[in-house]
Amino acid sequence: MKNEKRYLVPGDYMADPSAHVFEGKLYIYPSHDWESGIAENDNGDHFNMKDYHVFSTDDVMHGEVTDHGVVLSVENIPWAGRQLWDCDIAFKNGKYYLYFPLKDQNDIFRIGVAVSDKPYGPFVPEQNPMKGSYSMDPAILDDGDGKYYMYFGGLWGGQLQRYRDNKALESAVLPEGEELALPPRIARLSDDMLEFAEEPRPVIILDEKGQPLTAGDTERRFFEASWVHKYNGKYYFSYSTGDTHLLCYAIGDNPYGPFTYQELF
């Protein structure tokens, strides 16, 4: 088989693609970077994203790619401070719900939702962020039974280390060494898809001995970029180790986990 590759958006900075099939087409929801002039640092301030585009195609390798333009921008979000990051989308009852992280006016990441009648927007944001939301990288699982779940969280610039048990700390604390790694979070969404239906819970990732991964296990512990899919009754939790630059996955028996680490991609 010929090894093919293709840049879908060669003329712009796009990352973190979330891909879904709607209406018989593949729709891609990336983050959209630009040369903002902010100096690079470990908190990711230089990834100062200010809007989202949506792309669609009938054939990802050979078909035309349609840029549907700006579908949501910081200037149209009532509670905005700065800096959009990785987003995801869900479809329910004829509506499309775009979930996005954004720093509020206190420079704290919250997660918002914007709604459209079409998969390519434009999306109209809610007046406020989701109650009880924090950190970034939301990923949505449609469990096929009418329930939808959000996975979220990220270290360093993603601010997950600023929280314990869903409460903000006075000072951020990153576990080290044999301390337990900070897990991502999961929360079931409300029936109207606009809020959490429950308090977010930790998503525990176990090693081969059934023990939670430690903070010092930097080649396996969670850092950012949650993604979940369901296959043959099992749930596959994928994620990035961040600063060690590895993509991993773990398997569980239900959406809440725990998930047992498997291997690298």
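Start at the hairpin: select β1 and β2, which are joined by a turn of two residues. Glu23 sits in that turn with a positive phi of about 55°. Keep in mind throughout that this is a predicted model.

Now widen the selection to the full strands, residues 13-22 for β1 and residues 25-33 for β2. They run antiparallel and share eight bridges. Find Met14, then look across to β2: His32 stands opposite.

**Rings**

Stay here and show Phe22 and Tyr27. Their rings form a tilted aromatic pair, 6.3 Å centre to centre with 40° between the planes. Phe22 is buried at 11% relative accessible area. Tyr27 is buried too, at 2%.

Next, select Trp156 and Phe223. The ring centres are 5.2 Å apart and the planes meet at 75°, so this pair is edge-to-face. Trp156 belongs to the loop between β11 and β12, and Phe223 to the loop between β16 and β17. The pair therefore ties together parts that are 67 residues apart in sequence. Are the two partners buried or exposed? Trp156 is partly exposed, at 29% relative accessibility. Phe223 is buried, at 5%.

Then pick out Tyr151, Phe222, Phe237, Tyr239 and Phe259. Ring pairs link them into a cluster. Across the model, the count comes to 18 aromatic pairs.

Two charged side chains are also worth a stop. Show Trp34 and Lys50: the lysine lies over the ring face, 4.0 Å from the ring centre. Show Tyr256 and Arg201: here the arginine lies over the face, at 3.9 Å from the ring centre.

**The four-stranded sheet**

Arg201 leads to the next selection. In β15, Arg201 is the bridge partner of Ile186. Two bridges pair β15 with β14, residues 185-188, in the antiparallel sense. Show the whole open sheet: its four strands are ordered β10-β11-β14-β15, with antiparallel pairing. At the edges are β10 (139-142) and β15 (201-202), each pairing on one side only.

**The five-stranded sheet**

Move to the open sheet ordered β16-β20-β19-β18-β17. Its five strands have mixed pairing. β16 (205-206) and β17 (224-231) are the edge strands; each has a single partner, so one side of each is left without a neighbour in the sheet. Follow β17 to its partner β18, residues 234-240: the two run antiparallel, joined by six bridges. Trp227 faces Ser238 of β18 across this pairing.

**The cores**

Which residues have the most contacts inside the largest nonpolar core? Select Tyr99, Met150, Leu189 and Phe237; the core holds 40 residues. Strands supplying at least two residues each include β7 (95-103), β8 (109-116), β19 (247-252) and β20 (259-264). The largest share, five residues, comes from β11.

Centre on Leu189. Beyond its neighbours within four places in sequence, Leu189 contacts Tyr99, Met130, Ile140, Tyr148, Met150, Glu195, Phe196 and Ala197. Another core, of 24 residues, lies apart; Val54, Val71, Leu72 and Phe123 are among its members.

**Last stop: cysteines**

How many disulfides does the structure hold? Zero. Select Cys87 and Cys248 to finish. Cys87 counts as buried, with 3% relative accessibility. Cys248 is buried as well, at 0%.

Conventions
Residues numbered from 1 in each chain as written. Predicted model: local features only at pLDDT ≥ 70, side-chain atom pairs only at ≥ 80, totals over all residues. Heavy atoms only, no water. Pairing = 2+ DSSP bridges. Disulfide = S-S within 2.5 Å. Buried < 20%, exposed > 50% of the residue type's maximum accessible area, 1.4 Å probe, protein only. Core = buried A, V, L, I, M, F, W, Y, C linked by side-chain atoms within 4.5 Å. Contact = heavy atoms within 4.5 Å. Phe/Tyr/Trp six-rings, centres within 6.5 Å; stacked < 30°, edge-to-face > 60°. Lys NZ or Arg CZ within 6 Å of the ring centre and 35° of its normal.
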